[in-house]
Amino acid sequence: MKKKIDITHLQMGMYVAELDRPWLESPFMFQGFVIEDEDVFKSVNELCDYVVIDTEKGNDIDPSIEHVPSSSAVVIDFKTRKRIPTTTSFQQELKQARIVHKRARNQLDSMFNDVRMGKNLDVSGAKEVVSGMVDSIVRNPDAQLWLSNLRKRDEYTAIHSLNVCIFALTFARYLGFTTEEMNELGVGALLHDIGKMRVPLEILNKEGKLTDEERTIVREHAQHGYDILKNSPGLPASTIEVVYTHHERKKGTGYPRGLVESQIHLFSRMVAIVDVYDAITSDRVYHHGMNTLDALKNMFKWRENDLDSELVESFIQCLGIYPIGSLVELNTGEVGIVLSVSQGRKLLPIVMLVCDKDKKVVTPPRILDLSKFTNEKTDDVIEIRKVLETNSYGIDLFEYIKHEVLF
Ligand SMILES: [Fe+2]
């Protein structure tokens, strides 16, 4: 049986019977093939918005993808979503984005401090932070995504909250949310861990494994968050939902209430995904952050039991397999940091070259747009060979990102 599927639902083992364009305009030699190779999978993803699969010759679509949870507060038709065009270049946006980001950091620090001291949450301050973030991300999300890599081990909760907000808004933009919906989601994302302000710092920042008792105390942050916000006037109901349910998991294994997917608000399912992504890619006192590709591969696995499958797949599509800030080695042997990714050219991003082919540091770093560049001597395309572990060759991402002079 032939089925037309959105490209976000394409999986290994499917038989691609038709593309959304003539075969002659594609790089594929055969008209109809089973996807058995990661490179072919990537290429089809890169090229097409939809394909037709033949379920008699290959795998069928995952039936859970067609399941739409009943509690979706915002109904999004993923198939008809409109891509929002960027209105500023990465470099233009970065200037403004740094101001927005810094202001957001300061405001967030003071908001969190207030709550830690037992004062009321500054709701209008939170909305103001989000509104600045939404404007920047609507213009061009790449600058805030770049700044999301400005993280240090010891300032975790505030930075993590800001990053979850950035990723959630970027994801929402990709899914075609309106700016009103983005503003609403953003407040929930920014405040999702507000309950951690009632968890002792010595437990939050503990080096090494938590005891069972300590883990229970940390897990109480979802309930604390609910208690802190339930009487805050001016907050949308969805914010309280996100704070209360961002650790619930689709098969009922999450906390605090063990809800199942159909009971979890769409915003919470989105925040759960970006929360996990930021947590596993961050360096913490007790672990080194995973590289971006391993993080996405793990999340793809966790979509089976924990996270919303369709949303995980869309999130991977949204970031691309080389998310901004990824440390990558090119086929020339040079090492770079992914700066900016254009839709449709995700395998050929703009990179900042930081090491030459002998892995010696390049000063100042050079900017290279892989989508435009070919190796002049051999006429070969310069492309990414692999994703490197964070901090490979002593490269400290933080140092590059904080430098404003590089652009
Ligand atoms: Fe949390």
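In this chain, 68% of the contacts with a separation of 6 or more are between residues 24 or more positions apart. The model is a predicted one, and its secondary structure adds up to 14 helices and nine strands. Out of the 407 residues in the protein chain, buried residues make up 54%.

What happens inside is a good place to start. In soluble globular proteins, nonpolar side chains tend to be buried together. Here, the largest nonpolar core holds 96 residues, and the members that touch the most others are Trp146, Phe177, Leu190, Leu191, Met270 and Met299. Helix α5, covering residues 156-175, supplies the largest share of this core with 12 residues. There is also a second, separate core of 16 residues, with Leu10, Phe41, Val44 and Ile53 among them.

Helix α5 also meets helix α13 (residues 309-319): the two axes come within 10 Å and cross at roughly 95°. Since an angle from 65 to 115 degrees counts as roughly perpendicular, α5 and α13 are therefore roughly perpendicular to each other. On the α5 side, the contact is made by Phe167, Thr170, Phe171, Tyr174 and Leu175. On the α13 side, the residues involved are Leu311, Ser314, Phe315, Gln317, Cys318 and Leu319.

Next come helices α10 and α11. Helix α10 spans residues 237-245 and is mostly covered, with seven of its nine residues buried. Those buried residues are Ser238, Thr239, Ile240, Val242, Val243, Tyr244 and Thr245. They pack against α6 (179-191), α9 (221-229) and α11. Helix α11 (residues 266-281) is mostly covered too, with 15 of its 16 residues buried. Its length works out as one would hope: at 1.5 Å a residue, the 16 residues of α11 should span 22 Å, and the end C-alpha atoms are 23 Å apart, which agrees.

Thr245 deserves a closer look within α10. Its relative accessibility is 0%, so Thr245 counts as buried. Setting aside residues up to four places away in sequence, Thr245 touches Arg257, Leu259, Ile264 and Ser268. With Ser268 there is a polar contact, side chain to side chain, at 2.6 Å.

The loop between α10 and α11 is where Pro256 is found. Pro256 is joined to Tyr255 by a cis peptide bond, with omega about 5°. Another cis bond runs from Thr363 to Pro364, where omega is near -10°. Unlike the loop proline, Pro364 is found in a strand, β8 (residues 361-369).

Backbone phi angles bring up two further residues. Lys359 is not a glycine, yet its phi is positive, at about 65°. The place of Lys359 is in the loop between β7 (350-355) and β8. At 23% relative accessibility, Lys359 counts as partly exposed, because that value falls between the 20% limit for buried and the 50% limit for exposed. Asn391, also a residue other than glycine, has a positive phi near 70°. Asn391 lies in the loop between β9 (384-387) and α14 (397-402), and at 37% relative accessibility it counts as partly exposed.

That leaves two exposed loop residues. Gln31 lies in the loop between β2 (15-19) and β3 (33-34), and has a relative accessible area of 61%, so it is exposed. Gln31 and Val16 are 15 residues apart in sequence, with 8.5 Å between their C-alpha atoms. Leaving out residues up to four places away in sequence, Gln31 touches Tyr15 and Trp23. Thr87, for its part, is found in the loop between β4 (50-54) and α2 (90-116). With a relative accessible area of 60%, Thr87 is exposed. Thr87 and Val138 are 51 residues apart along the chain, and their C-alpha atoms are separated by 8.2 Å.

Definitions and conventions
Residues are numbered from 1 along each chain as its sequence is written. This is a predicted model: local features need pLDDT of at least 70, side-chain atom pairs count only at pLDDT 80 or more; totals for chains, interfaces and linings use all residues. Side-chain values use heavy atoms; hydrogens and water are left out. Helices (H or I, at least four residues) and strands (E, at least two) are DSSP runs, numbered from the N terminus. Buried means under 20% relative accessible area, exposed over 50%, partly exposed in between (1.4 Å probe, protein chains only). A polar contact is a pair of N or O atoms within 3.5 Å; within protein, one must be able to donate a hydrogen and the other to accept it, and residues adjacent in sequence count only if both atoms are side-chain atoms. Contact means heavy atoms within 4.5 Å. A nonpolar core is a set of buried Ala, Val, Leu, Ile, Met, Phe, Trp, Tyr and Cys residues joined through side-chain atoms within 4.5 Å. The expected span of a helix is 1.5 Å times one less than its number of residues. Axes are lines fitted to C-alpha atoms, for helices over the stretch in contact, and angles run from 0 to 180 degrees between N-to-C directions. Angles under 35 degrees count as roughly parallel, over 145 as roughly antiparallel, 65 to 115 as roughly perpendicular and the rest as oblique.
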